[in-house]
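Student: Could you take me through this structure and show me how each label is earned? I would like the rule each time, then the verdict.

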Amino acid sequence: MRDIAAAAAVSQSTVSRVLSGVPTTVRIGAETRERVIQASQRLGYRPNPLARGLRGASTNLIGAVVRDFSDPFYSGAVEALVVEAMAHGYNVVLGHVHGRLDAATSLTSVLEIRHTDAIVLLGDMGAQPQLLADLRASQVPVVALWQGTSPLEFPTVDANDRAGIWSGLSHLASLGHRRIAFVSAVLPNDYRVRDDAYADFMRERLGGVPAGYLERCPNTLAGGDAALRRLLALPDPPTAVATSTDLVAIGVLHAAHSLGATVPDRLSVVGFDDILIVSHTVPALTTLRMPIAEVVGHAVRQAVMLARDPDAAREPRLDVFDPVLVVRDSTAPPAS
């Protein structure tokens, strides 16, 4: 606003009155108003919703910045967030970073000019340094969910991915499987906690990872399909496959059907997340249920508490919830 005032040769208070659009008893001439608007457009001014909010009352809005709307996992997470927020008397404003690697993505470009009482981040924002810098500099409380490789800078809630992977692999091992492969979806910023958990389990329990048994692929149905085709072409193919996401697990099921590798008679499959559709695949998918309701509920309660109590501690901390194994029809003992 100072820059606009200097460019338009007016006071900063005049700029504030013109750009706020609020009726005022102080008369501002049409020529002055136009000069201010032209200067603001020329200088690329966009109002800062955080600064505006400091001067106003609560809006009962929570801003949710989502890494990727196209991922079915986040659609479930957003639904849970909206339900939980409404239970606390808040509505949700959605912002989307489109999964893009854009260092210049700012908070105002994501949430536009909407002031919110708190902000919840859904997904790894490590590729958005400007967004993270804006959040660090803001007065609005921030709570992060499933932050992956992002640094621990805010109160954060996550799932214990390592424990989840070990639970799924232990289930397969208890059925008698020893040739267990892993299909890992390539996630933002090279997040490999689930890959590492698989490798550690195989070394500790089954003597190591057989050659070619760790497949990395895009987090898509086609990625899972292609990965299983490569695995089944190995000289000594696996009898079971664990995956890092349900999305690639469904692709694995499709490829198994196409190749005649009947699930679970010839091949057992375990997913991760328990998205809505996997209880209706054929066969229904055994998977690790991401504790979405618990994670989101905890995060929203934190966000509301921080929004209502300016003196509450905002130090970075990590609260972790364990996934739960859901056994369905896609796993069975290996064929003799």
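Tutor: We will go label by label, setting values against definitions.

Student: What kind of model is this, and what must a local feature reach to be used?

Tutor: This is a predicted model: local features need pLDDT of at least 70, side-chain atom pairs count only at pLDDT 80 or more, and totals for chains, interfaces and linings use all residues. Residues are numbered from 1 along each chain as its sequence is written, and side-chain values use heavy atoms, with hydrogens and water left out.

Student: How many helices and strands are there in the chain?

Tutor: There are twelve helices and twelve strands. Both are DSSP runs, numbered from the N terminus: helices are H or I with at least four residues, strands are E with at least two. The C-alpha atoms fill a box of roughly 90 × 35 × 35 Å along the principal axes.

Student: What share of the chain counts as buried?

Tutor: Of the 336 residues, 49% are buried. The rule is under 20% relative accessible area for buried, over 50% for exposed, and partly exposed in between, with a 1.4 Å probe and protein chains only.

Student: Why is Thr 286 called buried?

Tutor: Its relative accessible area is 0%, so Thr 286 counts as buried. Thr 286 is in strand E10 (residues 286-289). Leaving out residues up to four places away in sequence, Thr 286 touches several others, including His 171, Val 269, Leu 325 and Asp 329. Touching here means contact, that is, heavy atoms within 4.5 Å.

Student: Why are H5 and H12 called oblique?

Tutor: Helix H5 (residues 72-87) and helix H12 (residues 292-308) pack at about 45 degrees, with their axes 9 Å apart. Axes are lines fitted to C-alpha atoms, for helices over the stretch in contact, and angles run from 0 to 180 degrees between N-to-C directions. Under 35 degrees is roughly parallel, over 145 roughly antiparallel, 65 to 115 roughly perpendicular, and the rest oblique. H5 and H12 are therefore oblique to each other.

Student: Which residues of H5 and H12 make that contact?

Tutor: From H5 they include Phe 73, Gly 76 and Glu 84, and from H12 they include Ile 292, Val 296 and Arg 301. By class, the contact of H5 with H12 has eight nonpolar, two polar and two charged residues. Ala, Val, Leu, Ile, Met, Phe, Trp, Tyr, Cys and Pro count as nonpolar, Asp, Glu, Lys and Arg as charged, and the others, Gly among them, as polar.

Student: What makes H8 oblique to H9?

Tutor: Helix H8 (residues 161-174) and helix H9 (residues 193-206) pack at an angle of about 40 degrees, with axes 9 Å apart. That angle makes H8 oblique to H9. The contact of H8 with H9 divides into eight nonpolar, one polar and seven charged residues.

Student: How many aromatic pairs does the rule give?

Tutor: The count is four. Rings of Phe, Tyr and Trp (its six-membered ring) pair if their centres lie within 6.5 Å; planes under 30 degrees apart are stacked, over 60 edge-to-face, and the rest tilted.

Student: What makes the pair of Phe 73 and Tyr 74 edge-to-face?

Tutor: The centres of Phe 73 and Tyr 74 are 5.2 Å apart, and their planes make 80 degrees. Edge-to-face is the verdict. Phe 73 and Trp 146 are edge-to-face as well, with 4.9 Å centre to centre and 80 degrees between the planes. Phe 73 is in helix H5, while Trp 146 is in the loop between strand E4 (142-145) and strand E5 (155-159), 73 residues apart. Phe 73, Tyr 74 and Trp 146 form one aromatic cluster.

Student: How do you know that Trp 146 is buried?

Tutor: Its relative accessibility is 7%, so Trp 146 counts as buried. Phi of Trp 146 is near 50 degrees, a positive value in a residue other than glycine.

Student: Why does Asp 274 count as buried?

Tutor: The relative accessible area of Asp 274 is 15%, so the label is buried. Asp 274 lies in the loop between E9 and E10. Asp 274 also has a positive phi, about 65 degrees, although it is not a glycine.

Student: Which peptide bond in the loop before strand E9 (268-273) involves Pro 264?

Tutor: The bond from Val 263 to Pro 264 is cis, with omega near 5 degrees. Pro 264 lies in the loop between helix H11 (246-259) and strand E9. A cis peptide bond also joins Val 282 and Pro 283, with omega about -5 degrees. Pro 283 lies in the loop between E9 and E10.
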